[in-house]
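Biologist: Could you put the model up on the screen and talk me through it? I would like to begin with how far to trust it.

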Protein chains: 2
Amino acid sequence: MHVTAQDVFAVLRPDLQLVEDRIEAVSRVDYPVVSSLVLDLVRSGGKRLRPLILLLAARGFGGDKDAVVTAAAGVELLHTASLVHDDTIDRAALRRGKPTLNAQLSAGAVILLGDYLFAQSAMLAAATMNPRVVAIFAGSLGDICDGQLHEMFYAHRLDQSRADYDKRIFGKTAALFAGAAEMGAILGGASESDVQSLRQYGADLGMAFQIIDDVLDLREGTQQLGKPAGNDLRQGTVTLPVMIYASRFPEGTPERTLLERLALSEAENIPGEEIDALVDRIRLSGALEETVSVAAEFVDSAKRHADVVPDPETRAMLMDVADLAVNRHS
Amino acid sequence: MHVTAQDVFAVLRPDLQLVEDRIEAVSRVDYPVVSSLVLDLVRSGGKRLRPLILLLAARGFGGDKDAVVTAAAGVELLHTASLVHDDTIDRAALRRGKPTLNAQLSAGAVILLGDYLFAQSAMLAAATMNPRVVAIFAGSLGDICDGQLHEMFYAHRLDQSRADYDKRIFGKTAALFAGAAEMGAILGGASESDVQSLRQYGADLGMAFQIIDDVLDLREGTQQLGKPAGNDLRQGTVTLPVMIYASRFPEGTPERTLLERLALSEAENIPGEEIDALVDRIRLSGALEETVSVAAEFVDSAKRHADVVPDPETRAMLMDVADLAVNRHS
């Protein structure tokens, strides 16, 4: 039996619509201007992968649909809230090719809207009335913050270890994937050992997802991503493909020195063509392929952990979503 | 039987110390610079009134001490987190006469630290393993954000209604007092009707507390508050005493026009002596005394609601804390 990514979304469409309705319902505020900004924000939100994983994890075991939909909406809003603050922290003007709130509102108003979305997401988590789900939810937020702190201290170091990188992307992405899968399994009524397997499924999938994001940042350009190729590098953020590429050049070599200057956020002092040429050299070096193979290992591990799911259709869908993390262009 | 404010703190000192230990334990992070900033921040934090109210509300009925201490630490950290973001939203450089994080860190780092404290506070709420406590906790955060949104839209209007003012200060202060008292009563095992009475006790006390804060802002100076008298007015924030004073001057009169210019945050275009003289006129007008009497009504209402508490010693202490809200100089 095999399902495609399209099947997964088709099968879950009714549930994803319920999630969407919950998200919209709690995103309405009494202040008209703010309300339309928040609704635009939650509506423009990507692929809804985190709710999808939570719904699938629950579906694999069974459980109370209403609490599952509530938790899935909470997870997506927590993700949205963290993006809002993330963009403020990075002072980003664009996300997914669209202006961020930073381009439209004062920093204070953006902080406040992020907090508002955090509050709404926490209320959804609380509404599951499941203390363990709430604890995982709060823990995921803690992991996200920890990942961002780690990013602030280590992301600009070319000599960061693989463990530093892993810790950072776990917080940035994998923590909430892990939490989503874990919450879903709990609400689905899985056994403790199965809950832990699903958590690991989510964690591995999230790691693969972020690693591929870091590859796409170098491989794809403005058309696919809404930002120029090598955007992370231009911002001074050192990702796994860059680490792999840099490891081939000893200190003091011109290539290494150029990379170090970029890591120190000196991009604005370097001619654009020089950075474009570096991005091309990284693309041709095999570093991207080597990075993809690291992601593929995480996907394999995710799939092994999904093997515990009793419902065969859902199990196949979880496998399919895992493959999707690697086989994508945006 | 009568207790003094000092008695209340003396009786609860051991429990407050447990709360302090919990707060410090969760405020330690892996990054040395950040860790010391966060510890400074949580240690410099005021009177611990919110944990005190939660502890008292629980003590009046009984209940599991450990969960009560955990929830009290969570409430105080939520308060601290909201102050951190508040100061960023207002771009305040000083609080309680000390430099805020804004004076020491980038806006991004401050947002992140606020989020980190939110995460820690949510984990404490979740650690009570009481779904209702978590729901109240999340709802309080929602109320705080709603109050701040209201502030953004209405605080600079001289013609705001008393209902606008009440809604704003409920979110700013009373919501978390209400939540603290409600969580305490729940964890203390109070009946549903007593839980609601205690919630109203907290709400009324919080309203009185904020109204008196707004009076102190005009009545006391740099020595007591660490900021000049009339600081709110200088920032363009219209509070109850100013509303009462302004209501005596019809539109178009010079006094009203001066107040309107201040409300529109034009303080920097007005000579300092002119604002000092206005603050003096407000002080002498009776508007402060009229405002204090509004606060006193809230205190009376708070006390009536505390009457349901079965333990006489705790009941007396709750009354005493309510009086403390009005009889203070900082």
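Biologist: Where in chain A is confidence lowest, and where is it highest?

Modeller: In this predicted model, the lowest confidence in chain A falls in strand β1 (residues 94-95), with a mean of 64, and the highest in helix α14 (residues 287-306), at 98. These values are pLDDT, the predictor's confidence in each residue on a scale from 0 to 100. Helices (H or I, at least four residues) and strands (E, at least two) are DSSP runs numbered from the N terminus. Where pLDDT is low, the predicted coordinates should not be read in detail.

Biologist: And what is the mean pLDDT of chain A?

Modeller: Chain A has a mean pLDDT of 89, with 93% of its residues at 70 or more. For the complex, the predictor gives an ipTM of 0.84 and a pTM of 0.88.

Biologist: Any ground rules on numbering and filtering before we go on?

Modeller: Residues are numbered from 1 along each chain as its sequence is written, while chains are lettered from A and ligands numbered from 1 in the order in which they are written. Because this is a predicted model, local features need pLDDT of at least 70 and side-chain atom pairs count only at pLDDT 80 or more, whereas totals for chains, interfaces and linings use all residues.

Biologist: Changing topic, what turn lays chain A on chain B?

Modeller: A turn of 180 degrees with a shift of 0.0 Å along the axis lays chain A on chain B, with an RMSD of 0.0 Å, the superposition being by least squares on the C-alpha atoms of residues with pLDDT of at least 70 in both copies. That is the relation of a two-fold axis. In chain A, the C-alpha nearest that axis belongs to A:P131, at 2.8 Å from it.

Biologist: How many residues does each chain give to the contact?

Modeller: Chain A and chain B each give 34 residues, where two residues are in contact if their C-beta atoms, placed from the backbone, lie within 7 Å. On the side of chain A that touches chain B, the elements giving two or more residues are α4 (65-90), α5 (107-127) and α6 (131-154), and α5(A) brings the largest share, 14 residues. By class, that side of chain A has 25 nonpolar, eight polar and one charged residues; Ala, Val, Leu, Ile, Met, Phe, Trp, Tyr, Cys and Pro count as nonpolar, Asp, Glu, Lys and Arg as charged, and the others, Gly among them, as polar.

Biologist: Do the copies meet through the same surface or different ones?

Modeller: The same surface, because 100% of the interface residues of chain A are also interface residues in chain B.

Biologist: How do α6(A) and α5(B) pack?

Modeller: Their axes lie 8 Å apart, at an angle of about 155 degrees, and the two helices are therefore roughly antiparallel. Axes are lines fitted to C-alpha atoms, for helices over the stretch in contact, and angles run from 0 to 180 degrees between N-to-C directions; under 35 degrees counts as roughly parallel, over 145 as roughly antiparallel, 65 to 115 as roughly perpendicular and the rest as oblique.

Biologist: Which residues meet there?

Modeller: Those from α6(A) include A:P131, A:V134 and A:M152, and among those from α5(B) are B:A109, B:D115 and B:Y116. The contact of α6(A) with α5(B) divides into 16 nonpolar, four polar and one charged residues.

Biologist: Within chain A, how do α3(A) and α7(A) pack?

Modeller: Helix α3 (residues 49-59) and helix α7 (residues 162-187) of chain A pack at about 30 degrees with their axes 7 Å apart, which makes α3(A) roughly parallel to α7(A). Among the residues making the contact are A:R50 and A:I53 of α3(A) and A:L176 and A:F177 of α7(A).
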